[in-house]
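Biologist: Could you take me through one helix of this model in some detail, from its start to what comes just after its end, and describe what surrounds it?

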Amino acid sequence: MVSILLSVLGQRGVDALAFLLAFVLTALLTNLFRGRLPQDHGRAFAVDGALSKGKARGAGLIFVLCVVLVALAFMPFHLETVIYMVLLIASMLSGYLDDASDTAWNEYKKGLIDFVIAVVAGVTYLNFNGCGVRFLQWYFVLPYPVYLLLIVILIWASINVVNCTDGVDGLSASLAVVSMGTFALLYADQLVSYVTATAVFVGALLAYLWVNAKPSTVLMGDAGSRAMGFFLALLALKSAHPFAFLLAAAVFIVDGSLGIVKISLKRFLHISVLKNTLTPLHDHARKRLGWSDEQVVLRWVILQGVASAVLAAMAGLGM
């Protein structure tokens, strides 16, 4: 089927068709099943968290399943891809079960799940792709244990910084569209069929953003944000330029990591830092700087666009 479409439409046409199918399927299923999603409890610790109370939460379950179904239908069958899709579903389910639980899961439980997912993904990647890494104009081969450790850190960090950035209507999905698009545009030759997967994911996210734009009626929850984080890390790996993640997901990293660093230092080393800074950083911008939600979303997207442009300039130098 895919080969027939390729002969008729070409690769770009197939990617566009996959994008449209993911968009339509996500829109239809979200509208059909939104009433069966768990309701948000209105997190007391989040800035304006009470405004989310009663909204459908966990829509990541819908758009991630749409992504997997459409991606597998349009990508060449390969065991590596199947494993990644299973892990994408696993990262989504770990978030969805937390979304649906009356009592939030603790960080250790979620951290352990993230670690297992990262290890399996790392072993899979190295088994099929080897230990070669590109950075600027250089190409070098890392020792297997070193690269596996770096991959685990990359995936774990990506899942968690994207998860922490989710908290304003339209924010994390909009940033993910820019970050995923950055990888697809700059590293299409390396990503090959994963450009199709990116087109599918972007199409699904745009359909989700239709109902998540302020004032939102549906929230992706941890089900969506954790899956987005996993997929972004996967793109960084499959592009063979894992260090590009630092710029392609720069806003996610800055916005989401400050809170992780702040809490970790306080909990494990009893060191207090950033006492006057609310985390995630988007909460600081809203509460302390007086930015509206719309300003936060647009300005964060602009900043990510600038970071992606810097990456594109560096890519011209051989990155």
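Modeller: What follows is a close look at helix H4, in a model that is predicted. Helix H4 covers residues 107-129, and because each of its 23 residues should add 1.5 Å, an expected span of 33 Å can be set beside the 32 Å that separates its end C-alpha atoms, with which it agrees. At the start of the helix, a side-chain oxygen of Asn 106 comes to within 3.0 Å of the backbone nitrogen of Tyr 108. In this part of the chain there is also a pairing of charge and ring, in which the charged end of Lys 109 sits over the ring of Trp 105, at 4.0 Å from the centre of that ring.

Turning to the residues along H4, those that are buried include Lys 110, Gly 111 and Asp 114, and further on Ile 117, Ala 118, Ala 121 and Gly 122 are buried as well, as are Thr 124, Tyr 125 and Leu 126. Buried here stands for a relative accessible area under 20%. The cover over these buried residues of H4 includes three other helices, namely H3 (79-100), H5 (144-165) and H9 (221-238).

Just after H4, Gly 130 takes up a positive phi of about 80°. Further along the chain, strand S2 (residues 132-135) contains Phe 135, which is paired with Phe 243 in the loop between H9 and helix H10 (245-248), 108 residues apart. Their rings meet edge-to-face, with 5.3 Å from centre to centre and 75° between the planes. At 29% relative accessibility Phe 135 counts as partly exposed, and Phe 243, at 32%, counts as partly exposed too.

How values were computed: Residues are numbered from 1 along each chain as its sequence is written. This is a predicted model: local features need pLDDT of at least 70, side-chain atom pairs count only at pLDDT 80 or more; totals for chains, interfaces and linings use all residues. Side-chain values use heavy atoms; hydrogens and water are left out. Helices (H or I, at least four residues) and strands (E, at least two) are DSSP runs, numbered from the N terminus. The expected span of a helix is 1.5 Å times one less than its number of residues. Buried means under 20% relative accessible area, exposed over 50%, partly exposed in between (1.4 Å probe, protein chains only). Contact means heavy atoms within 4.5 Å. A polar contact is a pair of N or O atoms within 3.5 Å; within protein, one must be able to donate a hydrogen and the other to accept it, and residues adjacent in sequence count only if both atoms are side-chain atoms. Rings of Phe, Tyr and Trp (its six-membered ring) pair if their centres lie within 6.5 Å; planes under 30 degrees apart count as stacked, over 60 as edge-to-face and the rest as tilted. A charge sits over a ring if NZ of Lys or CZ of Arg is within 6 Å of the ring centre and within 35 degrees of the ring normal.
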